[in-house]
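This briefing introduces one structure to a reader who has not seen it before. Please look over the sequence and the model, then read the points below.

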Amino acid sequence: MPVERDPAADLRSKFKQVVIDIEIKAVTPRAIHVALAIDRIDCDRARMGQLLSNLLSNAVTHGSPDLPVRVEARVLDAIFQLTVSNASAPIPAAVLRGLFQPFSRGKDCKGSGIGLGLYIASEIARAHGGHLTAEMQAGKVVFTMTMPAAAPAEEQRRIARSAAPKV
Ligand SMILES: Nc1ncnc2c1ncn2[C@@H]1O[C@H](COP(=O)(O)OP(=O)(O)OP(=O)(O)O)[C@@H](O)[C@H]1O
Ligand SMILES: [Mg+2]
């Protein structure tokens, strides 16, 4: 999947917009707690918005309403990290891993999706040099996307070259 990285993409505002969109579209209102300790991130802003949108719509559609959905983003040791979590019936580890395959849907799952949301989200993570994982933690399913907070050195050089004044 091609991505167009912007070294100074305003990801914070994009994520805020995605949360509002999902809140408006939710059939049953759901509390979404958001903590965004990020500002500008070297990424494809539109694709990253799509990634959060896919994770968050899953949380609202497939998660149980017992606990609020949580969205957290931060940069730790030069690694960007986004987590989206919600209360869920237990999902075995092998099933969790398989959810990233195209057209995979859990049994008894709700909604009218076709099983592409997590596949697309994981491809967006990979295209940024990162990855997307899922694990169960104390009755919650936690999706974590991680990637280097800065583009690889070669990409940095390309950006510097294209920004340099022509002489
Ligand atoms: N946050 C979640 N909580 C509980 N189960 C989830 C969650 N996210 C995904 N799942 C399970 O993983 C399956 C695959 O998710 P995915 O987003 O790929 O497909 P979908 O939501 O069923 O359809 P689509 O995203 O194409 O509309 C879901 O059908 C559901 O069973
Ligand atoms: Mg989905």
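In which sense do strand 5 and strand 7 pair, and over how many bridges? The two strands pair in the antiparallel sense, over nine bridges. The model in which this pairing is found is a predicted one. Strand 5 and strand 7 belong to an open sheet of five strands, with the order 2-4-5-7-6 and mixed pairing.

**The sheet as a whole**

- The sheet has strand 2 (32-37) and strand 6 (131-137) as its edge strands, and each of these pairs on one side only.
- From one strand to the next, the twist averages 15°.
- Helix 1 (residues 11-25) packs on this sheet and touches strand 2 and strand 4. The direction of helix 1 makes about 175° with that of strand 2.

**Pairing from strand to strand**

- Strand 2 and strand 4 are paired in the parallel sense, over six bridges. In this pairing, leucine 36 stands opposite alanine 73 of strand 4.
- Alanine 73 also stands opposite leucine 82, which is in strand 5.
- Strand 4 (residues 69-76) and strand 5 (residues 79-87) run antiparallel and are joined by seven bridges. Glutamate 72 has threonine 83 of strand 5 as its bridge partner.
- These two strands, strand 4 and strand 5, form a hairpin with two residues between them. In the turn, aspartate 77 has a positive phi of about 50°.
- On the side of strand 7, valine 84 has phenylalanine 143 as its bridge partner.
- In a regular strand, side chains alternate between the two faces of the sheet.

**Helix 2**

- Helix 2 lies across strand 4, strand 5 and strand 7 (140-148), and runs at about 20° to strand 5.
- The 18 residues of helix 2 should span 26 Å at 1.5 Å a residue, and the end C-alpha atoms are 25 Å apart, which agrees.
- Of these 18 residues, 13 are buried, so helix 2 is largely enclosed by the rest of the structure.

**Alanine 59, a residue of helix 2**

- Alanine 59 lies in helix 2. Is alanine 59 buried or exposed? Alanine 59 counts as buried because it has 24 C-beta neighbours inside 10 Å, where 20 or more are needed.
- Apart from neighbours within four places in sequence, alanine 59 is in contact with Val69, Val84 and Asn86.
- From alanine 59 to arginine 70 is 11 residues in sequence, and 9.1 Å in space from C-alpha to C-alpha.

**The surroundings of ligand 1**

- There are 21 residues around ligand 1, and those that come nearest are Asn58, Gly106, Cys109, Gly113 and Gly117.
- Helix 2 (45-62) and helix 4 (117-127) each supply at least two residues of the shell.
- Which helix gives the most to the shell around ligand 1? Helix 2 does, with four residues.
- Sorted by class, the shell around ligand 1 has 12 polar residues, eight nonpolar and one charged.

Methods. Residues numbered from 1 in each chain as written. Chains lettered and ligands numbered in written order. Predicted model: local features only at pLDDT ≥ 70, side-chain atom pairs only at ≥ 80, totals over all residues. Near = placed C-beta within 6 Å. Nonpolar A, V, L, I, M, F, W, Y, C, P; charged D, E, K, R; others polar. Pairing = 2+ DSSP bridges. Axes fitted to C-alpha atoms, helices over the stretch in contact; angles between N-to-C directions. Contact = placed C-beta atoms within 7 Å. Expected span 1.5 Å × (residues − 1). Buried ≥ 20, exposed ≤ 12 C-beta atoms within 10 Å, placed from the backbone.
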